[in-house]
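Me: Please examine the structure shown here. I should like to ask on what grounds its parts are described as they are.

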Amino acid sequence: MEMKSFQMANDNKPISPNFILPEDKRPQLSQISSLASVPVIDFNDGPSALVQKISQACEEYGFFQIINHGVPEELCAKTMAAITQFFGLPPEERAEFSTQDHTKRVKLFNYFLKLEGQEKVSMWSETFSHPWHPADDFTHFLPKNPPNYGEAFAEYAKEMGGLMNRLLSLISQGLGLEKDCLRKRLGDTPRLNAQSNFYPPCPDPELTLGLAVHTDLGAVTVLRQAEGVSGLQVIKDGKWVAVDPVPNAFVINLGDQIQVLSNGRFKSVHHRAVTNKAQPRVSLAMFYAPDMDAVIGPIEDLIDEEHPPTYRNYRYAEFLEEFYRQEGTRRMAKEAFLLSQ
Ligand SMILES: O=C(O)CCC(=O)C(=O)O
Ligand SMILES: [Fe+2]
């Protein structure tokens, strides 16, 4: 696959048509609220306050940021630097990882939007995805260049394993469940993917998106944003809200599987990335998704007469099939498993 070539923001050429969104899909950046944003939660708060704050954030926003999480800042910086260097490699070297085949576990690709009766519109970004694991050695999957990429990711993955467990435990408790309930439901061999996103500066951010509107399909996402550059936005009460980087914070968001398991109480919320003229932006999303064979459906303890099950049970593999069937179009995989009320 040929990687898309991005223009420089100081190019005076018009932006290539394959990146230009139809008018009704453009980001309308002047309408973004920078006043309200998602909650910032301090992990040093006591356990019961933490459970309460996370539970409220999961119900109201589906997103929050965490600070004082214990993951060393230097390690995060080292991992982000490795990604940035990877995206800075010559195109021929990056091309080794380029593929459109979604079944590949290691892949460099461009997201696109496929609208009915129209040509595909490319997102103004490059995405690199590969597995991660907190304990098993996964470094054979990783690029050899930059040389410290593997080492940085191996260390980062260990930290993410601990953080994911902590989050799953807090989210379980927030639902009134046993600490290990969600982790057990998601299975012993969760699907763990790391996704780095690179957004070059864009000559006209009003015409493009870095990532189209989507929900994450797994269970929990831990996102690191490069400091000092905004781009992530989430929907809150029908309006787009910016989630600007907070120093040494992680952005946490829930994926579709938690919405289903919680029977709709916790939300998998639509979000997108917008571009900017001035600076490149890098983000790293660490995804925790169920075992392919895990059966996902509303947890029995969350079902009663007032809260009948909203979704039917399915195997996660079945969900992924539906997801890829919709690729580039509406990204409403979980809606296919809704029960009619
Ligand atoms: O770049 C961002 O902040 C958003 C990334 C994201 O939503 C994703 O990778 O799923
Ligand atoms: Fe996302």
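Me: What makes the shell around ligand 1 a mix of nonpolar, polar and charged residues?
Reply: In this predicted model, the shell has 5 nonpolar, 6 polar and 1 charged residues. Its members are Q195, N197, L211, D216, L223, Q225, G231, L232, H271, A273, S283 and A285. Asp counts as charged and Gly as polar, so D216 is placed in the charged class and G231 in the polar class.

Me: Which strands each supply at least two residues of that shell?
Reply: They are β7 (191-199), β9 (220-225), β13 (271-273) and β14 (281-289).

Me: Why is F64 said to be in contact with I252?
Reply: Contact requires C-beta atoms within 7 Å; I252 meets this criterion with F64, as do V38, P39, I41, I54 and A57, neighbours within four places in sequence being left aside. F64 also belongs to the largest nonpolar core, which has 82 residues, and is listed with I171, V220 and V222 as touching the most other members. Helix α4 (residues 149-174) gives the most to this core, with 12 residues. In soluble globular proteins, nonpolar side chains tend to be buried together.

Me: How do you know that β2 and β12 pair?
Reply: At least two bridges are needed for pairing, and 4 bridges join β2 (residues 63-67) to β12 (residues 250-254), so the two strands qualify. They run antiparallel, and the bridge partner of I66 in β12 is F250.

Me: Why are β1 and β3 called edge strands?
Reply: The open sheet has 8 strands in the order β1-β2-β12-β9-β14-β7-β6-β3, with mixed pairing. β1 (40-42) and β3 (107-109) each pair on one side only, and are edge strands on that ground. Neighbouring strands of this sheet are turned by 25° against each other on average, direction ignored.

Me: Which strands do helices α1 and α2 lie across?
Reply: Helix α1 (residues 47-60) lies across β1, β2 and β12, at about 160° to β1. Helix α2 (residues 73-87) lies across β6 (126-131), β7, β9 and β14, at about 110° to β14.

Me: What makes β8 and β11 edge strands?
Reply: An open sheet of 4 strands has the order β8-β13-β10-β11, with antiparallel pairing. β8 (211-214) and β11 (239-242) each pair on one side only.

Me: How do you know that β10 and β11 pair?
Reply: The threshold is at least two bridges; β10 (residues 232-236) and β11 are joined by 4, so they pair. V234 stands opposite V241 in β11.

How values were computed: Residues numbered from 1 in each chain as written. Chains lettered and ligands numbered in written order. Predicted model: local features only at pLDDT ≥ 70, side-chain atom pairs only at ≥ 80, totals over all residues. Near = placed C-beta within 6 Å. Core = buried A, V, L, I, M, F, W, Y, C linked by C-beta atoms within 7 Å. Buried ≥ 20, exposed ≤ 12 C-beta atoms within 10 Å, placed from the backbone. Contact = placed C-beta atoms within 7 Å. Axes fitted to C-alpha atoms, helices over the stretch in contact; angles between N-to-C directions.
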